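Biologist: Could we go through this structure together? Please bring it up, and I shall ask as we go.
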Amino acid sequence: MAKQSAQLSEVFYALADPTRRAIVSALGRGPEAVSVLAAPFAMALPSFLKHLSVLERSGVIRSHKLGRVRTCELVPKTLTPAQRWLAEQRATWESRSERMARFVETLHQEDLSRAKRQPRQR
Amino acid sequence: MPNDNRVNADPLDLVISRLVRAPRASLWRAWSDPALLRQWWCPKPWTTEVRAFDQRPGGAFHTFMRGPDGGTSDNPGCFLEVVAQQRIVFTSLLGAGWRPATPWLAFSAVVTMADEGDGTRYIATVMHPDKATRDRHEEMGFFDGWNTCITQLEAFARQSL
């Protein structure tokens, strides 16, 4: 289970980035050469390749090289429906906790600055 | 503590732990005032309406969320345990007055807050019943393939930015 959840968090990390999600969406239409995949993105190729390697490490995509052309494709089995379900629940609660934490921290900062201002008013 | 089951955690349990840089009292405010809770409960641009918030055992806890595309999510439930500034337990499996319910998403959640250094350790444990429930979601067409997953993850990631 530990191994499984480690993989799940890698998958989630991989999909947490908009560029990488766009890559995954593009690959949803079928396998594609790296150069073709990279074309719509306004970024240097090395940066783009870094995104690909994060996706590949997580197991979301795989690639193979034929001659000078590297082709990428989705590995749809990375997330089984069960894992997907749990990933969605986790995403819901993780982002909710994150929003709550930020909200509370801001609340606290406001309280502090109000407390600082008050003695001066007296 | 009855629900402190981190030791024998089930694979269907989620445990989220976070150190919040604020005192426990601030955290409690965010969890006990519905006007504050609605501000962080769901991801923007979705909005939360707190339809019932009776924070005591058996009291209703009902949120209703609206999305920009007309989507809604109705989540009635009730509080099971409330210890000020320490612990909140709630579930979707019971409604107000512990009336049994058949929710679309069955879960119980245990939220704890404890002092840690200058801040507060916040732990949310969300428990899901069993594989059958999950499979029923699947039959209901909960998973519309890869793209649904991506769209949802995208929404989740956007909200936390």
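Biologist: Which strands of chain B make up the open sheet of three, and in what order?

Modeller: The order is β2-β3-β4 in chain B, and the pairing is antiparallel. Two strands count as paired if DSSP finds at least two bridges between them. Helices (H or I, at least four residues) and strands (E, at least two) are DSSP runs, numbered from the N terminus. This is a predicted model, where local features need pLDDT of at least 70 and side-chain atom pairs count only at pLDDT 80 or more, while totals for chains, interfaces and linings use all residues. Residues are numbered from 1 along each chain as its sequence is written, chains are lettered from A and ligands numbered from 1 in the order in which they are written, and side-chain values use heavy atoms, leaving out hydrogens and water.

Biologist: Which strands stand at the edges?

Modeller: Those are β2 (47-53) and β4 (72-75) of chain B; each has a single partner strand, so one side of each is left without a neighbour in the sheet.

Biologist: How many bridges join β2(B) and β3(B)?

Modeller: There are six bridges between β2(B) and β3(B), which covers residues 61-66. The bridge partner of B:F53 in β3(B) is B:F61.

Biologist: Which salt bridge links β3 and β2 of chain B?

Modeller: B:R66 and B:E49 meet through their side chains in a salt bridge, at 3.2 Å from N to O. B:R66 is in β3 and B:E49 is in β2 of chain B, 17 residues apart. A salt bridge is a side-chain nitrogen of Lys or Arg within 4 Å of a carboxyl oxygen of Asp or Glu.

Biologist: Is B:R66 buried or partly exposed?

Modeller: B:R66 has 38% relative accessibility, so it counts as partly exposed. B:E49, at 31%, is also partly exposed. Buried means under 20% relative accessible area, exposed over 50%, and partly exposed in between (1.4 Å probe, protein chains only).

Biologist: Which salt bridge crosses between chains, then?

Modeller: One such pair is A:E105 in helix α5 (residues 81-121) of chain A with B:R18 in strand β1 (residues 14-20) of chain B. Their distance is 3.9 Å, N to O. A:E105 is buried at 10% relative accessible area, and B:R18 is buried at 18%. Both belong to a network of salt bridges with A:E98, A:R102 and B:R21.

Biologist: How many salt bridges are there over all chains?

Modeller: The search of the whole structure finds 14. Another of them joins A:R114 and A:D111 at 3.5 Å, N to O. A:R114 and A:D111 both lie in α5 of chain A, three residues apart, about one turn of the helix.

Biologist: Changing topic: how many aromatic pairs are there?

Modeller: There are 17 over all chains. In one of them, the ring centres of B:F79 and B:F90 are 6.4 Å apart and the planes stand at 65°, so the pair is edge-to-face. Rings of Phe, Tyr and Trp (its six-membered ring) pair if their centres lie within 6.5 Å; planes under 30 degrees apart count as stacked, over 60 as edge-to-face and the rest as tilted.

Biologist: Where in chain B are B:F79 and B:F90?

Modeller: B:F79 is in strand β5 (residues 78-83) and B:F90 in strand β6 (residues 87-91), eleven residues apart. B:F79 is buried at 1% relative accessibility, and B:F90 is buried at 3%.
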